Amino acid sequence: MKLDRTDIRILAELQKNARITNVELAELVNLSPSPCLMRVKRLQAEGFITGYSAQIDMAKLGQTLTVFAEITLRNHSANSLAHFLEAVEKIEAVVECHLVSGGYDYLVKFVTVGVSEYQAIIDRLIELDIGIHKYFSFVILKSPIVKTQMRVENILNV
């Protein structure tokens with residue numbers, strides 16, 4: 001599916017405010033409500049829109065600890081990578097996992113209630129023998145810039 005400028009504007013507006021009504025969205029992208037809704041449904045069906053969620057200030061709910069871990073595996077076979085991902089995917093504290101190039105294999109973001117919970121998770125992963133060779137942990141002290149929106153217009157050069 002090829003996107004046009006109106007599709008891009010719909011994505012940009014939904015990124016800004018996913019709770020916007022279809023009527024408001026249609027007005028912002030210069031469509032009538034029915035064609036606008038059809039486009040949104042098509043963008044969902046084609047996988048451009050993968051979901052809607054609320055952004056929650058976790059610190060207001062209680063103490064949290066965010067840790068990025070660089071993880072290197074002993075073996076890089078497809079089975080080893082899949083085995084690692086299968087185990088990590090089951091951990092609720094894992095909020096992101098990225099296969100990366102460079103000096104390690106995965107960059108994993110954990111959000112826990114504290115250092116002891118994070119260390120217990122890492123200890124459990126090592127005990128599972130899922131191929132972890134080494135890991136380095138980076139505790140986040142402060143996140144002065146966290147963006148939840150990307151400029152889709154720039155990415156697609158429209």
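In this predicted model, Asp-129 sits in the loop that runs between helix H6 (115-127) and strand S4 (132-139). Although Asp-129 is not a glycine, its phi is positive, at about 55 degrees. Most residues other than glycine have a negative phi. A second residue of this kind is Asn-30, a residue other than glycine whose phi is positive and near 60 degrees. Asn-30 belongs to the loop between helix H2 (22-28) and helix H3 (33-45), and with a relative accessible area of 61% it is exposed, because exposed residues are those over 50%.

The two loop residues can be set side by side.

| Residue | Phi | Loop between |
|---|---|---|
| Asn-30 | near 60 degrees | helix H2 (22-28) and helix H3 (33-45) |
| Asp-129 | about 55 degrees | helix H6 (115-127) and strand S4 (132-139) |

These loops are part of a protein chain whose secondary structure comes to seven helices and four strands, and which, when read along the sequence, follows the pattern α-α-α-α-β-α-β-β-α-β-α. For residues 3-64, an unreviewed UniProt entry records the feature "domain: HTH asnC-type". Over residues 3-64 the chain is 58% helix and 0% strand, while the C-alpha atoms at the two ends of this stretch are 40 Å apart.

The chain is also divided into domain 1 (5-46) and domain 2 (58-139), and the centres of domain 1 and domain 2, taken over C-alpha atoms, are separated by 36 Å.

What is the radius of gyration of the protein chain, and what would a compact globule of 158 residues have? The protein chain has 20 Å, whereas a compact globule of 158 residues would have a value near 15 Å. Along its principal axes, the C-alpha trace of the protein chain spans about 55 × 40 × 25 Å, and 30% of the 158 residues count as buried.

On the surface, Ile-56, Met-58 and Leu-61 make a nonpolar patch of about 330 Å². Of these residues, Met-58 has its place in helix H4 (residues 58-61). Is Met-58 buried, partly exposed or exposed? Met-58 counts as partly exposed because its relative accessibility is 41%, and the partly exposed class lies between the limits of under 20% for buried and over 50% for exposed.

Definitions and conventions
Residues numbered from 1 in each chain as written. Predicted model: local features only at pLDDT ≥ 70, side-chain atom pairs only at ≥ 80, totals over all residues. Heavy atoms only, no water. UniProt positions renumbered as here; feature names shortened; annotations may be inferred. Domains from an automatic or database assignment. Patch = residues over 30% accessible without salt bridge, like charges linked within 9 Å, V, L, I, M, F, W, Y side chains within 5 Å. Areas by Shrake-Rupley, 256 points an atom, 1.4 Å probe, with all protein chains shown as cover. Salt bridge = Lys/Arg side-chain N within 4 Å of Asp/Glu carboxyl O. Buried < 20%, exposed > 50% of the residue type's maximum accessible area, 1.4 Å probe, protein only. Rg over C-alpha atoms; globule rule 2.2 N^0.38 Å.
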